[in-house]
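Morning, everyone. I'd like to walk through a few strands and how they pair. Here is the structure.

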Amino acid sequence: MRAIEFHQTRIIPALLLSLVTACGSAVPDDLADMTSSEGLSTDPNGALGFETTSHETSNNGFCTPATVGICAHTTTGAGCSASDGVSAFGPFLGGASVFAQPEWSNGSKWATIEFADVSGDGRDDVCGRGASGISCALGSATGFGTATIWGSQWTDANLWGSADNIWATLRFVDITGDGKADVCARALGGIACAVSNGSGFGALSLWSTDYSNARQWHTDPSRWGTIQYPDVDGDGRADVCGRDTTGIRCAISNGSTQFGWNLLWSTEFGNNSSWTDHVDFWATIQFPDVNGDGRADVCGRLTDGIKCALSTGLGFGALSSWSGDFTDTGEWYTTPSRWGTIQFPDLNGDGMADVCGRSSSGVRCGLSDGTKFAGTSQWDTMYSDANQWHHDYHANTIQFPDVNADGKADLCGRSSLGIQCSLSSGWSFNAPTLWTVNLFSNAWGWTANQYWGTIDFPRLTAGTCWPINDRTPRLRLIQRFGYPFNL
């Protein structure tokens, strides 16, 4: 029987409205309820966004993967180790000492730290929101440089740290398609964004008047906690989507000033379909490209397994069963160390997102054939409860970067001894080996949330197929910690 889950709700002072200036009138309700719109770009040849997928893979000669590293917030700031492409991460290169200051031990601060390419040079940088605004430090071959303020409007004084339904929605995504990550988050009046110019973020402005308090997006994490920035029309620009009481709504980026109408792309994720009942349902909603057409689709876990709906570029098609695994019967609902590990990497390099997650006996995966996840099976037995991977500070570091640059997503996570990785053969994972010794270990203090909770596998050199097989989109806080947060 399920335990009852309690969701916190916080009310945000009306003063937050002064943070943003409306870029136009609110969309009439009758338009907001439409399920499609004319004139949306479906050009698949645009520049890659940060949460899109491409058909091109390194093992067919069309592109070269980036060099992947492991990065995290540390006691001295932030740092990374680059993969040698074979069996180890190299020396840990630090920097960005601003993130070592005491304020960054606060969950509303360190939980915003993210590794993204804000300068557009093909190498991921590090950014986070502190009391004085958004600070970023640029990456280089020798580590991160000195952090500077890139966004002075995103301050505590302007209430950006006032509630989790605000600061926990902050993301660094490319909404313009120019190869530089911008910054967006939910504000009282809707989605606010600031565009990167390569050395700072421009003026903050309201890109959408939807997702606002007036439309009740602040009331429950099953709404604001699902806000993400996939490229649903395949034009190379990050759009915005989220689940409300009626289903999945999405708004398309125009690439310069705003997201368009917030349209109902699917009615099958609404409150009438059980998605709001449990955190292990709505918090698994993600937007992978499961059929390899360059458009982000939508998937999530329900009682009887994984459901997906394909994007047409104008809406999502019918929701259907893609896997009969990952069920309540299999106890996937019990803890974030199971449902929180469900991700959609490309395991065999065919350009279609597959599915994986950690069960009590190890990692299970299924390969996409474009219509379903075929033959979900045990790909690994070492990341099991018996081997202590049920602890959140182990299980919820599991990610699927391409550490050996062969175009296939591998399996990595933080064990008690350090980072271990298992290479993908395309049909299973090899036995795990330690890729770091002592670094990231329990003995070195990595069980603290503010450190393990920021572990990511970004790119440390440019690659022409980024971000396909180099890593999967960054794990959201709710996947790592469940809800309510305990940061």
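I'll start with strand β15, residues 263-266, which is joined to β14 by three bridges, with the two strands running antiparallel. This is a predicted model, so please take everything I say as a description of that prediction. In the β14 and β15 pair, Cys 250 has Leu 263 of β15 as its bridge partner.

Now the other pairing of β14. Strand β13, residues 240-244, also pairs with β14 in the antiparallel sense, over five bridges. Here Cys 250 in β14 is the bridge partner of Cys 241. So Cys 250 comes up twice: with Cys 241 and with Leu 263 in β15. The connection between β13 and β14 is a hairpin, with two residues between the strands.

Is β14 covered or not, and how many of its residues are buried? Strand β14 spans residues 247-251 and is mostly covered, with five of its five residues buried.

Next, another part of the chain. Strands β19, β20 and β21 form an open sheet, in that order, with antiparallel pairing. Why is one side of β19 and of β21 left without a neighbour in the sheet? Because β19, residues 355-359, and β21, residues 373-378, stand at the edges and each has a single partner strand. From one strand to the next, the twist averages 15°.

Within that sheet, β20 covers residues 362-368 and pairs with β21 over four bridges, in the antiparallel sense. One position to look at on screen is Leu 367, which stands opposite Ala 374 in β21.

That's what I have. Questions welcome.

Terms used. Residues are numbered from 1 along each chain as its sequence is written. This is a predicted model: local features need pLDDT of at least 70, side-chain atom pairs count only at pLDDT 80 or more; totals for chains, interfaces and linings use all residues. Side-chain values use heavy atoms; hydrogens and water are left out. Two strands pair if DSSP finds at least two bridges between them. Axes are lines fitted to C-alpha atoms, for helices over the stretch in contact, and angles run from 0 to 180 degrees between N-to-C directions. Buried means under 20% relative accessible area, exposed over 50%, partly exposed in between (1.4 Å probe, protein chains only).
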